[in-house]
Amino acid sequence: MADLRVKFAGMTSLNPFWLASGPPTNTAGQVMRAFDAGWGGAVWKTIGEPIVNTSSRYGAIDFNGTKVMGFNNIELISDRPTEVNFREIYEVKKRYPQNLVIASLMVESKRETWHQMVRRAEDAGSDALELNFGCPHGMSERGMGSAVGQVPEYTEMITRWVKEVARVPVIVKLTPNVTSVAHIAKAAERGGADAVSLINTINSLMGVDLENFSPRPNVGGKSTHGGYCGPAVKPIALHLVSTVAKNSHVPISGIGGIGDWHDAAEHIVLGASTVQVCTAAMHYGFRIVEDMIDGLSQYMDDHGFGTIEDFRGRALGNVVDWGDLDLNYKIIAEIHSELCIGCQLCYVACEDGAHQSIEPYRDAQKKNANGFGVHLPRIVEEECVGCNLCALVCPVETCITMKQVDAGRSPMSWNDRMRQRAASCQPPMASGD
Ligand SMILES: Cc1cc2nc3c(=O)[nH]c(=O)nc-3n(C[C@H](O)[C@H](O)[C@H](O)COP(=O)(O)O)c2cc1C
């Protein structure tokens with residue numbers, strides 16, 4: 001039976017599933033209900049000098065009938081008094097000693113202010129601290145959040161200040177709104193961070209109402225850039241998590257676009273030890289963790305993984321530079337005509353948008369509902385470059401699959417070629433005889 005317990009920066013979490021700092025972790029009542037549902041840990045809604053929020057503050061992108069593919073917010077940190085947040089953390093920890101409660105902190109960039117905040121968070125019983133160097137809106141204009149996390153020197157300096165007094169593990173939460181997340185992660189490490197978490201939200205403007213020209217989310221006809229998250233950001237999060245995993249030595253809590261066990265497992269195989277969830281919990285509620293626990297346990301049992309550590313980072317070695325990809329690996333598309341509905345989407349996509357390797361032809365055998373012959377597209381194998389586009393646009397599951405063909409050549413990457421070329425340009429070795 002899979003053991004979901006995971007060690008993270010010296011702490012033990014009941015499972016890798018934590019709620020990320022945000023609206024679901026705003027109050028003790030919510031966090032306790034979340035723990036009852038099965039979440040292993042919760043990163044409290046960021047605590048700092050209380051602020052005033054706007055109304056409205058959230059926006060979303062729906063796509064083809066799927067609600068909230070991408071989510072955006074212009075919300076700031078907790079608008080509740082600091083002492084209330086710490087009192088509630090104390091209550092939660094007293095009643096749920098096994099679950100991890102992590103205080104997310106953000107204060108002005110003054111050493112003494114950080115020291116005070118760290119001490120208060122620890123006195124409240126927080127198991128760890130997460131430094132919010134990532135909020136892209138509102139707080140950054142006040143010199144906090146991503147204004148810190150975008151500058152390696154600030155990241156290192158404030159992490160160091162926190163570590164001067166912290167007795168519990170310190171997690172630095174990274175912003176994706178940088179050119180090189182690896183540099184910032186390194187700076188956090190130099191400052192003494194025990195772990196990093198990523199990603200915070202991505203700078204975004206959700207859209208504009210073309211009738212009244214109000215950007216979204218609408219605050220009296222105006223709006224501002226906010227933080228993007230939810231399913232749409234998972235690919236960006238996975239890239240950044242794997243980049244940090246390859247370049248750092250501290251544990252990683254993966255965040256971004258996680259809605260089920262599969263998303264979580266992808267973060268884990270790319271190096272994360274724990275994962276955090278915000279948008280999906282806002283959309284579907286705390287209960288989603290039940291499926292996450294069941295699904296991940298089943299996956300681990302099926303693959304013979306006893307613990308998270310048995311498969312953490314397993315895919316990392318397969319994330320390589322482009323120059324190390326095998327240029328002689330060859331696949332081509334295969335259309336399973338018995339499934340084809342003759343919509344021609346693959347043909348149009350390939351003809352106009354790719355490599356003109358599909359031709360339509362009439363198959364008298366295949367009839368549509370009206371008894372007419374359907375135009376079944378056919379792959380021109382000699383022309384197909386194996387780009388995947390037809391399989392990606394085909395509306396029928398498994399109607400188009402990609403098959404590997406023998407290119408008749410042994411594996412060869414661009415870097416192999418360069419190495420061979422360099423070797424062949426070497427002056428002949430001086431011979432001793
Ligand atoms: C409405 C909202 C409020 C958030 N507030 C905070 C916050 O106070 N502190 C913080 O570190 N992250 C905050 N986040 C960011 C999340 O913790 C998380 O990093 C981000 O949403 C990506 O995860 P997701 O795709 O699961 O939502 C907030 C996100 C949302 C949607």
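Tutor: Helices (H or I, at least four residues) and strands (E, at least two) are DSSP runs, numbered from the N terminus. By that count the chain has 13 helices and 20 strands. This is a predicted model, where local features need pLDDT of at least 70, side-chain atom pairs count only at pLDDT 80 or more, and totals for chains, interfaces and linings use all residues. Residues are numbered from 1 along each chain as its sequence is written.

Student: What makes helix 8 "largely enclosed" by the rest of the structure?

Tutor: Start with the cut-offs: a residue is buried if 20 or more other C-beta atoms lie within 10 Å of its own, exposed if 12 or fewer, and partly exposed in between, with C-beta atoms placed from the backbone. In helix 8, 7 of the 9 residues are buried, so the label fits. Those are Trp-261, Asp-263, Ala-264, Ala-265, Glu-266, His-267 and Ile-268. For the chain, buried residues make up 42% of the 433.

Student: Which elements do the buried residues of helix 8 pack against?

Tutor: Strand 3 (17–19), helix 7 (234–247), strand 15 (252–255), strand 16 (274–277) and helix 10. Contact here has its own rule: the C-beta atoms of two residues, placed from the backbone, lie within 7 Å. Just after helix 8, Gly-271 takes a positive phi of about 125 degrees.

Student: Why is helix 8 called oblique to helix 10?

Tutor: Axes are lines fitted to C-alpha atoms, for helices over the stretch in contact, and angles run from 0 to 180 degrees between N-to-C directions. Helix 8 (residues 261–269) and helix 10 (residues 288–303) pack at about 55 degrees, with their axes 8 Å apart. That angle makes helix 8 oblique to helix 10, because under 35 degrees counts as roughly parallel, over 145 as roughly antiparallel, 65 to 115 as roughly perpendicular and the rest as oblique. The crossing is right-handed, a term for the near helix being turned clockwise from the far one by less than a right angle (anticlockwise would be left-handed).

Student: Which residues make that contact between helix 8 and helix 10?

Tutor: Helix 8 brings Trp-261, His-262, Ala-264 and Ala-265, while helix 10 brings Asp-291, Met-292, Gly-295, Leu-296 and Tyr-299. By class there are 6 nonpolar, 2 polar and 1 charged residues. Ala, Val, Leu, Ile, Met, Phe, Trp, Tyr, Cys and Pro count as nonpolar, Asp, Glu, Lys and Arg as charged, and the others, Gly among them, as polar.

Student: How do you know whether helix 1 and helix 2 are roughly parallel or oblique?

Tutor: Helix 1 (residues 28–37) and helix 2 (residues 82–95) pack at about 25 degrees, with axes 9 Å apart. The two are therefore roughly parallel to each other. Their crossing is right-handed. Ala-28, Val-31 and Met-32 of helix 1 meet Glu-88, Glu-91, Val-92 and Arg-95 of helix 2, giving 4 nonpolar, no polar and 3 charged residues.

Student: Why is Leu-389 called partly exposed?

Tutor: Leu-389 has 19 C-beta neighbours inside 10 Å, so it counts as partly exposed. Leu-389 lies in helix 12 (residues 389–393). Leaving aside residues up to four places away in sequence, Leu-389 touches Ala-349, Cys-350, Gly-353 and Ala-354.

Student: What are the domains of this chain?

Tutor: Domain 1 (6–318) and domain 2 (322–405), with bounds from an automatic or database domain assignment. Their centres, taken over C-alpha atoms, are 41 Å apart.
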